[in-house]
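Visitor: Could you pick one small part of this protein and walk me through it slowly? I'm in my first year, so plain words would help.

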Amino acid sequence: MQGKVVIVTGGASGIGRAVVDRLCAEGAVAAVFDLPGAAMDALAAEGRAGVEIFPLDITDEAAVTAAAADLRQRHGAVHGVVNSAGIATVCPAMEVDTQTFRRILDVNVIGCFIVTRAAVAQMEGEGAVVNIASVSGIRGNEGRMAYGASKGAVIMMGNSLSVELAPLGIRVNTVAPGPVDTPMVLAHHSQEMREGWLNALSIKRYALPEEIAEATIFLLDSRRSGFITGHTLAVDGGFLSRGTVNP
């Protein structure tokens, strides 16, 4: 990834931040698209070489388009994008209000599309897109109707884009994490919910953000995954494959 320019949405915290750290370790330029706030301020204060800060809302099409164009003007091209930004709610389906559902779709789906389109417009030749979805976009989970619907849409969007962008030399893949110890998960998972997740996993722990980042970098790097596109890689501790087990 040496010298590659990669946009990372939600790169100031959680999985996105772990991806930024790995990109920097491999000599890439990580352009962080995230909301203004304490996390972005802390990242900017580090003054780390290879990290460029773009405080913006990924649903703001004009801001995203301008930021991607700025990257190309200064670096010659954009080589990849990791769509990690997202919001969630844990709420029974019949209690989710329409405004919340629309906001989740706007950020998780439309925001992902806006950034991907802006990044692809600044790519030349070989490029890669990795979307961070969730196992909740593959299998139904209680309280995750809105979030799961958004992540299911992200998976299918990635599949369709992989077909259309392949002739341009651009690969599109998806990572579907199980439960990960991130600030968002900590904010939404009660102790009871955490115990339920652990019971459903073959590997009895939550993932580290760094483990999701490793899978993301694998799919991003054409030297490692150049013949993979349109794929959804579950990094889920065995959640999707787990069936009936003996007590």
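**A close look at D221 and its surroundings**

Guide: Let's start with D221, which sits in the loop between α8 and α9 (222–225). Keep in mind that what you see is a predicted model. Is D221 buried or exposed? Its relative accessible area is 3%, and anything under 20% counts as buried, so D221 is buried.

Now for the company D221 keeps. If you skip the neighbours within four places in sequence, D221 is in contact with M1, R171 and G226. For a sense of distance, try P183 as well: P183 and D221 are 38 residues apart along the chain, and their C-alpha atoms are separated by 27 Å.

Next, the charges. There are 17 salt bridges in the structure. One of them is between R205 and E211, where the closest N and O atoms are 2.7 Å apart. D221 has a place in a wider arrangement: salt bridges with shared partners join R22, E26, E214, D221, R223 and R224 into one network. Let's zoom in on two members of that network. The side chains of E26 and R22 meet in a salt bridge, with 2.8 Å from N to O. Both E26 and R22 are buried.

Back to the R205 and E211 pair for a moment. R205 has a relative accessible area of 40%, which makes R205 partly exposed. E211 is partly exposed too, with a value of 30%.

R22 also leads us to a helix pair. Helix α1 (residues 14–25) and helix α8 (residues 209–220) have axes that come within 8 Å and cross at roughly 60 degrees. Why call them oblique? An angle of roughly 60 degrees is neither under 35 nor in the range from 65 to 115, so α1 is oblique to α8. The crossing of α1 past α8 is right-handed. On the α1 side, the contact is made by G14, I15, A18, V19, R22 and L23. On the α8 side, the residues are P209, E210, I212, A213, E214, T216, I217 and L220. Sorted by class, this contact has nine nonpolar, two polar and three charged residues. Notice two names you have met already: R22 and E214 belong to this helix contact, and R22 and E214 are also in the salt-bridge network with D221.

Stay on α1 a little longer and look at R17. The side chains of R17 and E46 meet in a salt bridge, 2.7 Å from N to O. R17 lies in helix α1 and E46 in helix α2 (residues 38–46), so this pair ties together parts that are 29 residues apart in sequence. How do the two partners sit? R17 is buried, with a relative accessible area of 18%, whereas E46 is partly exposed at 40%.

For another helix pair to set beside this one, turn to helix α3 (residues 61–75) and helix α4 (residues 98–120). Their axes are 9 Å apart, and the helices pack at an angle of about 30 degrees. That is why α3 and α4 are described as roughly parallel to each other. Their crossing is right-handed.

Note on methods: Residues are numbered from 1 along each chain as its sequence is written. This is a predicted model: local features need pLDDT of at least 70, side-chain atom pairs count only at pLDDT 80 or more; totals for chains, interfaces and linings use all residues. Side-chain values use heavy atoms; hydrogens and water are left out. Axes are lines fitted to C-alpha atoms, for helices over the stretch in contact, and angles run from 0 to 180 degrees between N-to-C directions. Helices (H or I, at least four residues) and strands (E, at least two) are DSSP runs, numbered from the N terminus. Angles under 35 degrees count as roughly parallel, over 145 as roughly antiparallel, 65 to 115 as roughly perpendicular and the rest as oblique. A crossing is left-handed if the near helix is turned anticlockwise from the far one by less than a right angle, and right-handed if clockwise. Contact means heavy atoms within 4.5 Å. Ala, Val, Leu, Ile, Met, Phe, Trp, Tyr, Cys and Pro count as nonpolar, Asp, Glu, Lys and Arg as charged, and the others, Gly among them, as polar. A salt bridge is a side-chain nitrogen of Lys or Arg within 4 Å of a carboxyl oxygen of Asp or Glu. Buried means under 20% relative accessible area, exposed over 50%, partly exposed in between (1.4 Å probe, protein chains only).
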